Structure formats: C-alpha cells, structure tokens
Amino acid sequence: MNFEVIKRSHIKRNILIGVVVVLVLSAIILTFTRAKYKITESMDLVNGTINYELSDFNLIGAYIQEGDSYTQVDEIPTSGYEFNAEKSYCTVNGENINATIAFDMTSQTLSVVPLTTKGTKCYLYFDEKASGGNYILAGDNPPTNSTTDWTGGTSYYYTGNPNNWVQFGGFWWRIIRINGDGTIRMIYQGTSANTTGSGTQIGESFFNSSYNNNMYVGYMYTSGQRQGTGSSSAIKGVLDQWYSVTSGLTAYSDYIDGNAGFCGDRRVSSGNGIGTSVTNYQPYTRISNSSPSLSCEDADIYTTTDSSTGNKSLTYPIGLISADEAMFAGIPIWNNSSPSNYLCTEEYYWTMSPSFFEGISAYVFNIDSSGSLVDNYYVNRTHRVRPVINLRADVSLTGSGTTSDPFKVVGAS
C-alpha cells in the first residue's frame with residue numbers, strides 16, 4: 001500500500017472540509033449582519049410618528065453650538081444644551097422632508113411627524129443653554145432696569161412687584177439683581193412664598209450691641225480704623241450661624257458664589273469715620289439725594305477668604321441688602337411708603353449701609369414696615385434679619401420666576 005498517496009488524500013479531504021466550514025460561517029455572519037442593518041437602517045415605517053431611541057444613533061447626526069457655529073459630535077448632549085427644533089431637519093436620500101421634529105432631552109428620544117419613508121436620516125442641532133443671570137435675562141420675566149456696578153459690568157435689577165421668585169436650598173428667595181459678573185443676588189423670603197410678615201426673616205438682632213463709636217456702623221470693624229474688618233458685628237454673627245448650622249446651605253456651597261460680595265460702603269461725605277468724629281457716610285448723601293449707586297471700594301466689599309476681589313474677610317458667603325439696592329428696587333426715603341414693593345414685608349429689617357454718626361450714636365439704614373428707607377434708629381436697636389446670597393454665574397436654571405413656576409437651580413432643590 002502506498003502510504004504517501006493515502007496521506008495526500010487525507011490532506012486534500014481536510015482542506016476541502018475546512019473550505020466548506022469557512023463558507024458556512026461566512027454565510028451565517030453575512031446573514032446576521034444583513035439582518036442587523038435591515039433592523040437599524042431599513043426599518044418598515046408607517047404613517048404617523050416614529051420615535052427613535054439612541055440605539056438608532058446611526059440614523060441621527062448631532063451638532064452642538066460652540067459660539068456662533070455648530071460642531072458635529074459623537075454623542076447627543078444630556079445637559080447644558082436645548083434642542084433647536086427650527087434648525088433641525090430630516091432627509092431621505094439627501095433631500096429635506098417636510099416633518100415636525102421634537103427631541104425630549106430627558107428621555108433622549110426623537111419624534112418625527114409624519115414619517116412614511118424608510119432611509120430617513122435626521123440632523124439635530126442643540127444650542128448652548130443660557131446659565132445663571134443670562135438664563136433669567138433671556139426669559140419671560142427679566143429685570144428691566146440696569147446700571148453699572150462695582151464689578152465694572154452691567155447690573156440688571158428688579159423694581160416694583162415682579163416675578164422674581166426663586167426656590168433654592170429648601171427656601172424661597174426673591175432676586176434683587178443680576179450682578180455685573182453674571183451672578184444672581186437674592187434676598188430671603190421664607191420657607192414658603194410669603195410676601196409679608198415674620199416668615200420673611202430668619203429672626204431679629206442688633207446691628208451691633210454697642211453704638212458709641214463710628215466703627216459700629218461696620219458689618220465688620222476695627223477700633224481706630226474706618227474700614228477695618230478685625231471684629232464681626234452682632235448681625236454678622238446671626239447670619240453666619242444661620243448659614244453654617246441652621247439653614248443647611250453649606251450642602252449647596254457649589255452653587256453659591258463668594259466672590260460677588262456685599263457692599264457696606266463706609267466712604268465718607270463729611271468727617272473721617274473714626275472714633276467719635278461726627279461723620280456723614282456716602283450712602284446717607286446718596287439716599288438723601290435719591291441718587292443711589294452700586295459703586296463700592298474693595299475695602300468695603302465683603303467677600304469670602306478665597307475670593308479674588310473685595311476685602312476677603314467672610315467665612316461664609318452671606319450678607320445683607322444695601323440701601324442703594326433697595327432704592328434702585330423702588331423703595332423711597334423717609335415716610336414715603338411703597339407697600340406693594342417686593343422688598344416691603346411690613347416688618348423693619350436691616351440693610352448693610354452706614355448712614356451717619358452724630359457724635360454719640362451710630363446709625364445704619366433699615367427698611368421700615370411701610371416700605372421706606374429710614375436711618376433714625378441706633379445700631380443697637382433690634383430689627384429683623386433677611387439674608388442675602390449670590391448664586392454662581394454658571395448655575396443651570398429652570399422656571400420662569402412666578403410663584404407657580406419659580407426659578408430653580410438644576411441639581412439643588
């Protein structure tokens with residue numbers, strides 16, 4: 001027997017079997033591949049609406065706004081953008097079709113009505129979603145007045161009784177203004193949408209327990225200095241305690257800005273603001289002349305210790321409204337009431353603005369129960385306390401500012 005011949009015969013047979021196996025496997029793979037593309041690219045369509053899931057992404061082209069142009073991306077954005085229905089479109093074989101397109105950012109589904117032709121591809125455009133103050137300015141209830149503030153930017157402020165409601169950190173607030181750096185300044189309104197009464201404040205306090213020196217007009221003060229920050233006022237202690245312990249706002253620190261600051265303007269119009277020197281402070285002169293200003297010196301802009309501006313003296317990013325901000329909002333001076341103004345709570349409460357020292361006692365402006373700016377109370381009188389904080393310029397917001405649809409910070413209830 002010729003074993004060499006037998007060996008060659010076995011080799012040929014093995015080769016033949018291998019070829020057959022390869023052909024069979026190739027046929028199976030081709031069948032499944034064609035089935036896959038049949039499902040994803042040649043699906044049977046019916047009259048009406050087709051909802052695409054992201055698993056059908058090969059049917060969708062996505063573009064996000066970057067400045068004035070759009071860039072194609074590999075993934076549809078899930079946050080920071082909003083769907084631009086006007087710019088988005090669908091095509092069949094490169095030709096635009098007349099269809100209504102909607103995209104749900106939450107469920108990440110695309111709806112196209114009607115859709116009757118297979119091979120449809122949609123091109124979706126997403127615009128950068130305005131954040132912080134820009135979101136409010138672009139909405140239905142923006143502040144309508146503006147002036148330059150101490151940042152050098154344009155500050156937009158609310159007047160009268162506007163839709164400026166915010167829910168944040170478990171509390172209700174009302175927006176005072178959009179600061180020049182895009183941060184959002186707002187004043188405490190309570191645990192519900194109160195407009196008046198004791199629920200609009202966190203308690204009551206002296207501004208300072210002592211009154212017989214110029215330094216006691218300061219939110220912080222140092223003996224022998226006009227703009228010192230060595231000691232905290234009594235009211236600052238109340239605010240710090242509330243912020244750090246009672247309110248729970250430290251859990252929301254990522255949304256709160258410490259750099260925007262609060263102005264306790266101790267510039268003088270007369271006198272030197274030291275010791276028992278008779279002194280009129282610039283806020284007194286401005287308010288008396290109905291000419292408020294949002295200018296402030298760094299030494300009197302209370303910012304947190306990690307800030308890049310201001311006096312960097314605060315442990316917590318919390319303060320009070322200024323008399324100038326109240327006047328810009330429509331609060332008048334002495335005995336001219338404004339009961340319908342959003343800052344009128346029918347309670348007396350402190351501002352941060354010094355008024356004067358007449359040789360015996362220090363005075364700081366407050367807003368009285370009729371909605372008027374007054375300065376005829378010593379700093380050691382007890383009045384209500386309404387905290388003011390600033391939201392960061394880059395927070396994402398929803399809502400329109402009404403009590404039924406207040407502004408809310410995404411991620412912070």
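**A loop, a helix, a core and some salt bridges**

Lys312 sits in the loop that runs between strand 21 and helix 5; helices (H or I, at least four residues) and strands (E, at least two) are DSSP runs, numbered from the N terminus. The model is a predicted one, in which local features need pLDDT of at least 70 and side-chain atom pairs count only at pLDDT 80 or more, while totals for chains, interfaces and linings use all residues. Residue numbers start from 1 along each chain as its sequence is written, and side-chain values use heavy atoms, with hydrogens and water left out.

Back to the loop. Lys312 has a relative accessibility of 39%, so it counts as partly exposed; the scale used here calls a residue buried under 20% relative accessible area, exposed over 50% and partly exposed in between (1.4 Å probe, protein chains only). Setting aside residues up to four places away in sequence, Lys312 touches Thr303, Thr304, Thr305 and Ser307, where contact means heavy atoms within 4.5 Å. Thr229 is 83 residues away from Lys312 in sequence, yet their C-alpha atoms are 9.5 Å apart. Gly310 belongs to the loop between strand 21 (301-302) and helix 5 (323-328) as well. Gly310 is buried, its relative accessible area being 16%. Its contacts, again not counting residues up to four places away, are with Asp298, Ile301 and Thr303. Between the C-alpha atoms of Gly310 and Trp150 there are 10.0 Å of space and 160 residues of chain.

Stepping back, the chain is made up of 413 residues, and 46% of them count as buried. It has 5 helices and 28 strands. Of the contacts with a separation of 6 or more, 64% come from residues 24 or more positions apart. The accessible surface is about 19300 Å², with 48% of it belonging to carbon and sulfur atoms; such areas come from the Shrake-Rupley method with a 1.4 Å probe, and for residues only the protein chains shown count as cover.

Next, the inside of the chain. The largest nonpolar core holds 63 residues, and Phe168 and Trp173 have the most contacts inside it. A nonpolar core here is a set of buried Ala, Val, Leu, Ile, Met, Phe, Trp, Tyr and Cys residues joined through side-chain atoms within 4.5 Å. With 5 residues, strand 13 (residues 171-178) gives the most to this core. Beyond its neighbours within four places in sequence, Trp173 is in contact with a list of residues that includes Trp165, Phe168, Met186, Tyr188, Trp242, Leu249 and Ile389. Apart from this core lies another, of 15 residues, with Ile64, Val73, Ile76 and Met105 among them.

Trp242, one of the contacts of Trp173, leads to helix 3. This helix (residues 234-246) has 13 residues and spans 17 Å from its first C-alpha to its last, close to the expected 18 Å; the expected span is 1.5 Å times one less than the number of residues. Ile235, Lys236, Leu239, Asp240, Trp242 and Tyr243 are its buried residues named here. They cover an arc of only 160 degrees around the axis, so they lie on the same side of helix 3; the arc is that of the directions from the helix axis to the C-beta atoms. In general, an α-helix has 3.6 residues a turn, so residues three or four places apart point the same way. Exposed Val245 and Thr246 sit on the face of helix 3 turned away from its buried side. After helix 3 comes Gly248, with a positive phi near 80 degrees.

Finally, the charged pairs. The whole structure contains 11 salt bridges, each a side-chain nitrogen of Lys or Arg within 4 Å of a carboxyl oxygen of Asp or Glu. Asp265 takes part in a salt bridge with Arg267 (2.9 Å, N to O), and in another with Arg286, where the closest N and O atoms are 3.0 Å apart. The pair of Asp265 and Arg286 links distant parts of the chain, 21 residues apart: Asp265 is in the loop between strand 18 (262-263) and strand 19 (268-270), whereas Arg286 is in helix 4 (residues 282-288). Asp265 is buried at 1% relative accessibility, and Arg286 is buried with a relative accessible area of 10%. Arg286 also meets Asp324 in a salt bridge (2.8 Å, N to O). Because Asp324 lies in helix 5 and Arg286 in helix 4, this pair ties together parts that are 38 residues apart in sequence. Elsewhere, Asp149, Arg177, Arg185 and Glu325 are joined into one network by salt bridges that share partners.
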